[in-house]
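Biologist: I am new to this one. Could you show me the model and take my questions?

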Amino acid sequence: MRISKPFLRSTSIQCYLCLLLNSHFLTEACIPVFILSCISAGLPKTEANWQDVISDLKIIDKLIQSLHIDATLYTESDVHPNCKVTAMKCFLLELHVISLESKNETIHQTVENIIILANSGLSSNRNITETGCKECEELEEKNIKEFLQSFVHIVQMFINSS
């Protein structure tokens, strides 16, 4: 199974710039531009693609079924729109548990991808203070299947609000 890395897509412009600078204009003044363009090719995108998060959650769901992992996770099943950032942070914390419990490299890489994508989507909400929201430990513990379904639901809330 191939794992997509949406946070590393769209690097062709930077690669072309590297080649262009390397072949024609590589003078002492262009070296910093050359180096920065090469580095930027590997940096994560700043926008989260929530559809990619959902796709990755589906990958995890399929893998979990085949591995028969039985764990319970703190799950927000009835997220209030005013608490979606707090809930997303809890979901992301609980994803680490899935990664540790599975001891599966594909799941681990997919979890890391989701965390990168979701955190980049949350960056625009960094200064928002949500009050009256439940802390992670106050949430009900549910099985992985229900956790993933609730996670998809909260991601859809972010999709619908953008």
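Modeller: Here are short answers on the fold, the aromatic rings and the core. Keep in mind that this is a predicted model.

Biologist: What makes up the protein chain?

Modeller: The protein chain has six helices and two strands. Along the sequence the pattern reads α-α-α-β-α-α-β-α. Of its 162 residues, 41% count as buried.

Biologist: How many aromatic pairs does the structure hold?

Modeller: The structure holds four aromatic pairs. Among them is the pair of Phe91 and Phe147.

Biologist: Why is the pair of Phe91 and Phe147 called tilted?

Modeller: Take the distance first. The ring centres are 5.2 Å apart, and a pair needs centres within 6.5 Å. Now the angle. The planes of Phe91 and Phe147 stand at 50°. Stacked needs under 30 degrees and edge-to-face needs over 60. The angle of 50° meets neither, so the pair is tilted.

Biologist: Where in the chain do Phe91 and Phe147 sit?

Modeller: Phe91 is in helix H4, residues 84–102, and Phe147 is in helix H6, residues 144–161. They are 56 residues apart, so the pair links distant parts of the chain.

Biologist: How do you know whether Phe91 and Phe147 are buried or exposed?

Modeller: Buried means under 20% relative accessible area. Phe91 has 1%. Phe147 has 0%. Both values fall under the cut-off, so Phe91 counts as buried and so does Phe147.

Biologist: What makes Phe147 and Phe151 an edge-to-face pair?

Modeller: Their ring centres are 5.9 Å apart, within the 6.5 Å limit. Their planes are at 80°. That is over 60, so the pair is edge-to-face.

Biologist: Why are Phe147 and Phe151 separated by about one helical turn?

Modeller: Because they are four residues apart in helix H6. Together, Phe91, Phe147 and Phe151 form one aromatic cluster.

Biologist: What makes you say that the charged end of Lys84 sits over the ring of Phe158?

Modeller: The charged end of Lys84 lies 4.8 Å from the ring centre of Phe158. The distance limit is 6 Å. The direction must also lie within 35 degrees of the ring normal. The charged end of Lys84 counts as sitting over the ring.

Biologist: Which residues have the most contacts inside the largest nonpolar core?

Modeller: That core has 35 residues, and Met88, Leu92 and Phe151 are among those with the most contacts inside it. H6 gives the most to this core, with nine residues. Met88 touches several residues farther off in sequence, including Trp50, Ala118 and Phe158.

Definitions and conventions:
Residues are numbered from 1 along each chain as its sequence is written. This is a predicted model: local features need pLDDT of at least 70, side-chain atom pairs count only at pLDDT 80 or more; totals for chains, interfaces and linings use all residues. Side-chain values use heavy atoms; hydrogens and water are left out. Buried means under 20% relative accessible area, exposed over 50%, partly exposed in between (1.4 Å probe, protein chains only). Rings of Phe, Tyr and Trp (its six-membered ring) pair if their centres lie within 6.5 Å; planes under 30 degrees apart count as stacked, over 60 as edge-to-face and the rest as tilted. A nonpolar core is a set of buried Ala, Val, Leu, Ile, Met, Phe, Trp, Tyr and Cys residues joined through side-chain atoms within 4.5 Å. Contact means heavy atoms within 4.5 Å. Lists of a residue's contacts leave out its neighbours within four places in sequence.
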